[in-house]
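This report describes selected features of one protein model for a reader who is new to structural analysis. Please keep the sequence and the three-dimensional view at hand while reading.

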Amino acid sequence: MDYKVADLSLADYGRKEIELAEHEMPGLMAMRERYGADKPLAGARVAGSLHMTIQTAVLIETLTALGADVRWATCNIFSTQDHAAAAVVVGRDGTVDAPAGTPVFAWKGETLAEYWDEAEKVFDFTDADGNAVGPNMLLDDGGDITMLLHKGVEFEKAGAVPGQDSTDNEEYKEVLRVLARSLENRPQHWTNIANGIKGVTEETTTGVLRLYDRFKEGSLLFPAINVNDSVTKSKFDNKYGCRHSLIDGINRGTDVMIGGKVAVVCGYGDVGKGSAESLRGQGARVIVTEIDPICALQAAMDGYEVKRLESVVEFADIFITTTGNFDIIKIEHFEKMKNQAIVGNIGHFDNEIDMAGLARIPGIVKDEIKPQVHQWIFEDGKKIIVLSEGRLLNLGNATGHPSFVMSNSFTNQVLAQIELFTKTDDYPVGVYVLPKHLDEEVARLHLDALGVELTELTKEQAEYLGVDVAGPYKSDHYRY
Ligand code: NAI
């Protein structure tokens, strides 16, 4: 089995944490119980790109328990938990000398070049006769492997050589390098792979945005399920997950007292709401920035001050970006921040903070305090602390969301994989969300663990509301 992880000897530690996580992931364990015998994913070759954490290990092993063949890379250079990666490779029945699990290509602290090299490897399956074959399903977080595949097809269609047009974007350069290499002596490599893909299930807001863009411009090559917009994903993982893991990252990175500090949260969507609550829970005085009047009004009604970054940048202590947009914290902001201000991002990509611009400030020095924690020292001695080099700090400085909330997200992922793989004809190219009854089912699977007593509708009440006793209970436009 091919794989690339930091250290297989961490597998025992990983396995113990996976077993703890399984207890906290009732949705995924219910999927194993319900579908383990029928194996609806038999024949599925799932190429996965998603933070290689303990919770993801439980997801991967659920997919394989349902019959899938899986290859996995991370979707972020800092988020891998090396013990989780090792345990997945070794598998339950393997040993460090004879791993028998799932091929994983991920370790904490990859370079960007390594990141894209490993991302490409999730496409290299082998069939039962040992022939090279592509995946037939993608499971993506942020859309990087979906993008790699689409770009490859575009270059093949155009008969162009990747990398001939120069570009300033470092990240994109690596994509082009990998594509150029992949095309050597392999005509129509990506087109052949794309033709075999039944669909992609996408985890996060930013990846979903990319999918809708592609669909609108007519370039989406296969159907997609938007897992993010299941209510039991974005209204839970993005919100309650970040409520847990944002301060975990700040604490592990800096151990600074949060209570009493002024914290600015840029963006008050689902991630922003969880992040603001996370900081307020510690006693920070939280200020929100927003561009959307509805979210700005929500923040104000939730009791936060809503200001422009420019009005508060000089006195705030902590800055967190949550927008999924770019250029939120720029050089002019860094220049005005006070000494030892802490800056971090919890949105998917690092372009929310102008890290390249920061590095270009004349006389500035980047000093590593520890991995993923740097102080940037200005010529006059002022220091700004930047977490995870501007990449998602809850996964770079801490261990991401806890298992229970990820069980909700990943149960949606498993249902979406089954849906696209087994009912391919029901999904012409487009972007879909899971039907509401499945969303409600995901929630239902997590109630017992919390001792929730759900009230049952009487037949008469159900008729009065115009719903079925068994659900769905809300219309599709209900917003929760
Ligand atoms: P969202 O769309 O619900 O919220 C983003 C908010 O930012 C919106 O309300 C928008 O109006 C606001 N915004 C946009 N530009 C802005 C600007 N210039 N200034 C101030 N506010 C601005 O998206 P969601 O679900 O909250 O996700 C945000 C990001 O976090 C995405 O990149 C997503 O992929 C990522 N994410 C990260 C997670 C993590 O564990 N770190 C978990 C889930 C999502």
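Helix H10 gives the most to the lining of the second largest pocket, with 6 residues. This helix spans residues 231-254, and the other elements that give two or more residues to the lining are helix H11 (270-281), helix H12 (293-301) and helix H18 (436-444). The model is a predicted one. The second largest pocket holds about 990 Å³ of space, and its lining consists of 33 residues. Which residues lie nearest the centre of this pocket? They are Val231, Lys235, Phe236, Arg479 and Tyr480. By class, the lining has 15 nonpolar, 4 polar and 14 charged residues. Empty space of this kind is shown by rolling a probe the size of a water molecule over the atoms.

**The sheet of 8 strands**

Helix H11, which gives residues to the pocket lining, also packs on a sheet. That sheet is open and is formed by 8 strands in the order E11-E10-E9-E12-E13-E16-E15-E14, with mixed pairing. Its edge strands, each of which pairs on one side only, are strand E11 (305-306) and strand E14 (365-370). Within the sheet, strand E9 (residues 262-266) pairs with strand E10 (residues 285-289) in the parallel sense over 5 bridges. In this pair, alanine 263 stands opposite valine 286 of E10. Helix H11 touches E9, E10 and strand E12 (318-321), and its direction makes about 175 degrees with that of E9.

**The sheet of 7 strands**

A further open sheet has 7 strands in the order E3-E2-E1-E6-E7-E8-E17, and its pairing is parallel. The edge strands here are strand E3 (104-105) and strand E17 (431-432), each pairing on one side only. In general, strands of a sheet pair through backbone hydrogen bonds, either parallel or antiparallel. Strand E8 (residues 224-226) pairs with E17 in the parallel sense over 2 bridges; isoleucine 225 has tyrosine 432 of E17 as its bridge partner.

Helices also lie across this sheet. Helix H3 (residues 54-65) lies across strand E2 (69-73) and strand E6 (137-140), while helix H5 (residues 112-121) lies across strand E1 (45-49), E2 and E3. The table lists the angles that helices make with strands of the two sheets.

| Helix | Strand | Angle |
|---|---|---|
| H3 | E2 | about 160 degrees |
| H5 | E2 | about 170 degrees |
| H11 | E9 | about 175 degrees |

**Two packed helices**

Two packed helices are described by the angle between their axes and the distance between the axes. The axes of helix H1 (residues 11-23) and H3 come within 9 Å and cross at roughly 75 degrees. Angles of 65 to 115 degrees count as roughly perpendicular, and H1 and H3 are therefore roughly perpendicular to each other. On the side of H1 the contact is made by Gly14, Arg15, Glu17, Ile18, Ala21 and Glu22, and on the side of H3 by Ile54, Ala57, Val58 and Glu61. The contact of H1 with H3 has 5 nonpolar, 1 polar and 4 charged residues.

**Two points of backbone geometry**

Glycine 471 and proline 472 are joined by a cis peptide bond, with omega of about -5 degrees. Proline 472 is placed in the segment after helix H19 (459-465). Asparagine 185, although not a glycine, has a positive phi of about 55 degrees. Where is asparagine 185 found? Its place is the loop between helix H7 (170-183) and helix H8 (189-196).

Notes
Residues numbered from 1 in each chain as written. Predicted model: local features only at pLDDT ≥ 70, side-chain atom pairs only at ≥ 80, totals over all residues. Heavy atoms only, no water. Pairing = 2+ DSSP bridges. Helix = DSSP H or I, 4+ residues; strand = E, 2+ residues; numbered from the N terminus. Contact = heavy atoms within 4.5 Å. Axes fitted to C-alpha atoms, helices over the stretch in contact; angles between N-to-C directions. Parallel < 35°, antiparallel > 145°, perpendicular 65-115°, else oblique. Nonpolar A, V, L, I, M, F, W, Y, C, P; charged D, E, K, R; others polar. 1 Å grid on protein atoms, 1.4 Å probe; cavity = no way out; pocket = protein on both sides within 12 Å on 5 of 7 lines; lining within 4 Å. Points joined across faces, edges and corners; volume = space filled by probe spheres on them.
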